[in-house]
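Opened a new model today and wanted to see how its chain is put together. Notes are below, in the order I looked things up.

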Amino acid sequence: MEPDLRQQVFDFISPFRQPDIWGRSKPLCPAFSLREDLNLSQDEFDHLMNDFFLLFQVDASHYDHLAYFPENNRPIPIRIMQHLGLSIGATPPDGPRPLTLAMLVSAARAGRWPRQEN
């Protein structure tokens, strides 16, 4: 199972890709970003990751869904101001952590999600 584990992870993600307006899907590679390159809702990502952990028997105890897909519960005017850089006296929150196919392959090989240092 080890030699083709990378391909198995790629095959798992492949059905979630959506074509662009020309009917092409971004090719899968280790740097493929799940958050940026897949057009899924937070709930869909949550289900995708849960399925990944079950299928590849990955210990998810160190996985923090909100670190990769943070919820945005701030009022819309505040979000617009922050996006435009107009918030006064507040530092913008850290952006979401990247989540790539390489990370999924690494976790599948290790059998656990890596501990994230803050």
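What follows are my entries on the overall layout, the core, one helix pair and a few single residues.

**Entry 1, overall layout.** Reminder to self: this is a predicted model. I counted elements first and got six helices and zero strands. Reading from the N terminus, the order is simply α-α-α-α-α-α. The chain has 118 residues, and 25% of them are buried. I also checked how far apart in sequence the contacting residues are. Of the contacts with a separation of 6 or more, 63% join residues 24 or more positions apart.

**Entry 2, the core.** Which residues have the most contacts inside the largest nonpolar core? I found Ile13, Leu34, Met49, Phe52, Leu104 and Trp113, in a core of 27 residues. The elements giving two or more residues to this core are α1 (5-13), α3 (42-55), α4 (65-68) and α6 (101-110).

**Entry 3, Trp113.** I picked the tryptophan from that list and went through its partners, skipping residues up to four places away in sequence. Trp113 touches Met49, Phe52 and Phe53, then Val58, Asp59, His62, Tyr63 and Tyr68, and finally Leu99, Met103, Leu104 and Ala107.

**Entry 4, α1 against α6.** Next I looked at how these two helices pack. Their axes come within 9 Å and cross at roughly 125 degrees, so I put the pair down as oblique. The crossing of α1 past α6 is right-handed. On the α1 side the contact is made by Leu5, Arg6, Val9, Phe10 and Ile13, and on the α6 side by Leu101, Leu104, Val105, Ala108 and Arg109. I sorted these contact residues by type and got eight nonpolar, no polar and two charged.

**Entry 5, Val9.** This residue is in helix α1, and I wanted to know: is valine 9 buried or exposed? Its relative accessibility is 0%, so valine 9 counts as buried. Beyond its neighbours within four places, Val9 is in contact with Phe52, Phe56, Leu101, Leu104, Val105 and Ala108. I checked one of these pairs by C-alpha atoms: valine 9 and valine 105 are 96 residues apart along the chain, yet separated by 6.3 Å.

**Entry 6, Thr100.** Where does threonine 100 sit? I found it in the loop between α5 (76-83) and α6. Its relative accessibility is 17%, and the cut-off for buried is under 20%, so threonine 100 counts as buried. Leaving out neighbours within four places, I listed Pro30, Ala31, Phe32, Ser33 and Leu34 as the contacts of Thr100. Leu34 is also on my Entry 2 list of core residues with the most contacts.

Terms used
Residues are numbered from 1 along each chain as its sequence is written. This is a predicted model: local features need pLDDT of at least 70, side-chain atom pairs count only at pLDDT 80 or more; totals for chains, interfaces and linings use all residues. Side-chain values use heavy atoms; hydrogens and water are left out. A nonpolar core is a set of buried Ala, Val, Leu, Ile, Met, Phe, Trp, Tyr and Cys residues joined through side-chain atoms within 4.5 Å. Buried means under 20% relative accessible area, exposed over 50%, partly exposed in between (1.4 Å probe, protein chains only). Contact means heavy atoms within 4.5 Å. Axes are lines fitted to C-alpha atoms, for helices over the stretch in contact, and angles run from 0 to 180 degrees between N-to-C directions. Angles under 35 degrees count as roughly parallel, over 145 as roughly antiparallel, 65 to 115 as roughly perpendicular and the rest as oblique. A crossing is left-handed if the near helix is turned anticlockwise from the far one by less than a right angle, and right-handed if clockwise. Ala, Val, Leu, Ile, Met, Phe, Trp, Tyr, Cys and Pro count as nonpolar, Asp, Glu, Lys and Arg as charged, and the others, Gly among them, as polar.
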